[in-house]
Amino acid sequence: MDRLDFSLGRLLVLSVLIGAIWLSINAPLDGALNWYLTFAWSFFLPLVLIGLLGGARVRDRLTSRYEGQVSDLVIFLIPTVARRDVLPALHRVVDSVLLYAPANLRRFRVDLVVDEGSDGIPELEAVYGDHPLVRILVVPKEYETPGGAIHKARATHYALLVRDAEGESGPDVFVYHLDDDTGVGGDTISSIAEFIADDDGTYDLAQGVLAFPHHLASSTFCAYADSIRPGDDVTRFRFFTGVLGKPLGGLHGEHLLVRASVESEIGWDFGGTKVEDAHFAMRFAARGHRSKALDSCSYGASPSSLRDLITQRRRWASGLIQLIFDRSIPLRTKPFIAYSVLLWITGFFYHPVLMLALASAVGPGANTSPVLAVVTPIWAVNLAFILTQYLEGLRVNLATTQGRPRRLRAALLMIPGFYVFTAVEAYAAALGLKDAILGRRDFQVIRKPV
């Protein structure tokens, strides 16, 4: 991956095209549906403006080219369920660190964190047990955090306590978080070293772009649907983490670099949350710490099936809703994440296809226009922005894909696919809302493609 980008030119062209088509086929109408849509489809505007500010900052930005070496210790932390179906992806991830890290890091280690009794421990010990740069931390079955953290948060907090006990929680130690299916590249390591080389104590956290190369995907549908994730990273996430310097839009649990002393201060003991990364982001911001962006990508795999994708998004939505109502998190950190989640979980109630079908059902003369023509440009920009997020995310994913992907065909497929992918996202978020209302706390770990 050579550069990050968000095409303001493409956004402008799409906005004009969408606005012209809308005005040509729909005259303003003073109906109940039109009044509803005038407000519902305009409600995206704050999100779009924030995304545009983030996208403007990343426009045509090169990925890190730092060639120096740094001496501060970097710990690559990889919690894993270590199931046998996960091991091929995990090997790919660990091997990517061992391959690329020496170029810029004089001192580093990979910490694999697994629960006692996990199926894959014997294989991990056979492959990495004697490796001087890999450590396998086994979380005892009886281990419990004071707050009752579960799954990944429990494992991550255990690793933190081990580092504390071993004196590896100073300000000159950095923890880089990875999932067990998310590898690194040369740009990833370069950006980590660049962050450390420039460190003057101002920033305690950094995050970059999550890329999902198509050659790692076992589901074409999920590969295209996951275009939204890097598209979101170069816009909304970039604004909060890199421009504002406070991750009030949340964080990802991978491609995340944190100063060890700050991580030790905050911890990962957030109870039974399903979104420990977002909890950490809110507490990080509430304590006044600052963040910046990494000009690099990590390289992960999209879910293996549509069912897994829905399960993943459902868990995120449910966890974020629970976070919003968590009284332990300061209210001042929640407004934007609450706004984003509201847009997500109500997606079905304003999805364009559903609204067009509803207008057709109302009868002749009904349409989906606003009550005032002046609102149409707002709608056009909103729709064009979200479509551009998908297209830019697709560009990132294809740029990191091995071989010669057919980019024009992929972009053309994305335009009709966009309406399907957004419907799936809305459906998964609605299921997450249901889980949150019913108080369901189950945590499903999806399959990991090789």
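User: In this predicted model, which elements each supply at least two residues of the lining of the largest cavity?

Analyst: The general idea comes first: rolling a probe the size of a water molecule over the atoms shows where empty space is left. In this structure, the elements that each supply at least two residues to the lining of the largest cavity are strand β7, residues 205-211, and helix α9, residues 228-244. Of these, α9 gives the most to that lining, with four residues.

User: Which residues line the largest cavity, and how much space lies in it?

Analyst: About 70 Å³ of space lies in the largest cavity, and the residues that line it are Gln207, Gly208, Val209, Asp233, Phe237, Arg238, Thr241, His252 and Ala293. Sorted by class, this lining divides into three nonpolar, four polar and two charged residues.

User: How many cavities of 30 Å³ or more does the structure hold, and what lines the second largest cavity?

Analyst: The structure holds two cavities of 30 Å³ or more, and the second largest has a volume of about 40 Å³. The lining of the second largest cavity is made up of Lys152, Thr156, His177, Gly253, Trp268, Glu276 and Asp277. Two or more of the lining residues come from each of the helices α6, residues 151-165, and α11, residues 276-286. The classes here are one nonpolar, three polar and three charged residues.

User: How should I read a pocket, and what volume does the second largest pocket have?

Analyst: A pocket can be read through its volume, its lining and the elements that supply that lining. For the second largest pocket, the volume is about 370 Å³, and of the 16 residues that line this pocket, the closest to its centre are Ile18, Ile21, Trp22, Leu383 and Tyr419. The elements that each supply at least two lining residues are α1 (8-25), α14 (352-362), α15 (376-399) and α16 (407-438), and the largest share, six residues, comes from α1. By class, the lining of the second largest pocket has 14 nonpolar, two polar and no charged residues.

User: Helix α15 also packs against α9; at what angle do these two helices pack?

Analyst: To read a packing of two helices, one can take the angle and the distance between the axes, and then turn to the residues that meet. Here α9 and α15 pack at an angle of about 110 degrees, with their axes 6 Å apart, and the two helices are therefore roughly perpendicular to each other. On the α9 side, Ile228, Pro230, Gly231, Asp232 and Thr235 take part, and they meet Phe385, Gln389, Tyr390, Gly393, Val396 and Asn397 in α15. This contact of α9 with α15 has, by class, five nonpolar, five polar and one charged residues.

User: How do helices α12 and α13 pack, and is their crossing left-handed or right-handed?

Analyst: Helix α12, residues 306-324, and helix α13, residues 335-345, pack at an angle of about 135 degrees, with their axes 10 Å apart. That angle makes α12 oblique to α13, and the crossing of the two helices is left-handed. In α12, the residues Arg313, Trp316, Ala317, Leu320, Ile321, Leu323 and Ile324 meet Ile337, Ala338, Val341, Trp344 and Ile345 in α13. When the residues are sorted by class, the contact of α12 with α13 has 11 nonpolar, no polar and one charged residues.

How values were computed:
Residues are numbered from 1 along each chain as its sequence is written. This is a predicted model: local features need pLDDT of at least 70, side-chain atom pairs count only at pLDDT 80 or more; totals for chains, interfaces and linings use all residues. Side-chain values use heavy atoms; hydrogens and water are left out. Axes are lines fitted to C-alpha atoms, for helices over the stretch in contact, and angles run from 0 to 180 degrees between N-to-C directions. Angles under 35 degrees count as roughly parallel, over 145 as roughly antiparallel, 65 to 115 as roughly perpendicular and the rest as oblique. A crossing is left-handed if the near helix is turned anticlockwise from the far one by less than a right angle, and right-handed if clockwise. Contact means heavy atoms within 4.5 Å. Ala, Val, Leu, Ile, Met, Phe, Trp, Tyr, Cys and Pro count as nonpolar, Asp, Glu, Lys and Arg as charged, and the others, Gly among them, as polar. On a 1 Å grid over the protein atoms alone, a cavity is a set of points where a 1.4 Å probe fits but cannot get out, and a pocket is an open set with protein on both sides within 12 Å along at least five of seven lines; lining residues have an atom within 4 Å of a point. Grid points are joined across faces, edges and corners, and a volume is the space filled by probe spheres set on the points.
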